Amino acid sequence: MTFGKEDEAHGGRWRRYGAAAAAVTVAAAAGAAAVDPASAWYRSLRKPSWQPPPWAFGAVWTPLYATVAFAGGHALGRTRGPERARVAADFGVNLALNAGWTWLFYRCRSTRAGLAGTLALDLSNASLLRRTARVDPTAARALVPYTAWCAFATALNTAIHRRNASRGGRARCSHQVSYRWR
């Protein structure tokens, strides 16, 4: 999809921000489908004392996802041609890694796989932040809290993995999520 000056005059801005918000919403929903903090496996994990309470994650992720959607829409409005495609691809990869972490950690019940996923997300965040800063400093600044929170999540995942390494790190993916199409 291209967003030229004509598009801006005909609602291109709304399409741009709408597309970014839709992509973030899909990633958030895909990730949320795997989260199961009430599972016996997760409850049995030894966690660090500095882990936030469960309610904090929803309180933090909601505004972070909003800033990612804003940053995506804003950056796409500041780029054209091949650079826009690269920015869009970086955002897409980042969102896929973001959603994928919950599947690796919760559904595969693997602190090791989760750690690998969150490290990949951190690398993606660095790439996304660097590329975005080159084309749109405003969007890059909006991504800083998201990047920081993901780094915190990596530290938390690392601490959980270290405290539970003796339980084995092999993934045991559980495909107990069912989708009903009506």
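**Overall architecture and aromatic pairs**

Of the 182 residues that make up the chain, 41% count as buried. The model under description is a predicted one. Its secondary structure consists of 7 helices and 0 strands, and the order of elements along the sequence is accordingly written α-α-α-α-α-α-α. Among contacts between residues at least 6 apart in sequence, 79% join residues at least 24 apart. The chain exposes about 10,100 Å², and carbon and sulfur atoms supply 64% of this area.

Aromatic rings were examined next. With ring centres required to lie within 6.5 Å of each other, the count comes to 13 aromatic pairs. One of the pairs is formed by Tyr42 and Tyr106, whose rings are 5.3 Å apart centre to centre, with 45° between the planes, an arrangement classed as tilted. This pair links distant parts of the chain, since Tyr42 belongs to helix α3 (residues 40-44) and Tyr106 to helix α5 (residues 81-107), with the two positions 64 residues apart in sequence numbering. Tyr42 has a relative accessibility of 10% and therefore counts as buried. Tyr106, at 12% relative accessibility, likewise counts as buried, because the category covers residues under 20%.

A second pair is made by Phe57 and Trp149. The centres of their rings are 6.0 Å apart and the planes meet at 70°, so the pair is edge-to-face; planes over 60 degrees apart are assigned to that class. Phe57 is located in helix α4 (residues 54-77) and Trp149 in helix α7 (residues 137-164), so the pair ties together parts of the chain that are 92 residues apart in sequence. The two partners fall into separate accessibility categories: Phe57, at 24% relative accessibility, counts as partly exposed, whereas Trp149, at 15%, counts as buried.

The surroundings of Tyr42 include further aromatic residues and a charged group. Tyr42 and Tyr106 are members of one aromatic cluster, together with Trp41, Trp101 and Phe105. In addition, the charged end of Lys47 sits over the ring of Tyr42, at 4.4 Å from the centre of that ring. Tyr42 thus appears in three of the descriptions above: as a partner of Tyr106 in a tilted pair, as a member of the aromatic cluster, and as the ring over which the charged end of Lys47 sits.

Conventions:
Residues are numbered from 1 along each chain as its sequence is written. This is a predicted model: local features need pLDDT of at least 70, side-chain atom pairs count only at pLDDT 80 or more; totals for chains, interfaces and linings use all residues. Side-chain values use heavy atoms; hydrogens and water are left out. Rings of Phe, Tyr and Trp (its six-membered ring) pair if their centres lie within 6.5 Å; planes under 30 degrees apart count as stacked, over 60 as edge-to-face and the rest as tilted. Helices (H or I, at least four residues) and strands (E, at least two) are DSSP runs, numbered from the N terminus. Buried means under 20% relative accessible area, exposed over 50%, partly exposed in between (1.4 Å probe, protein chains only). A charge sits over a ring if NZ of Lys or CZ of Arg is within 6 Å of the ring centre and within 35 degrees of the ring normal. Contact means heavy atoms within 4.5 Å. Accessible areas come from the Shrake-Rupley method with a 1.4 Å probe; for residues, only the protein chains shown count as cover.
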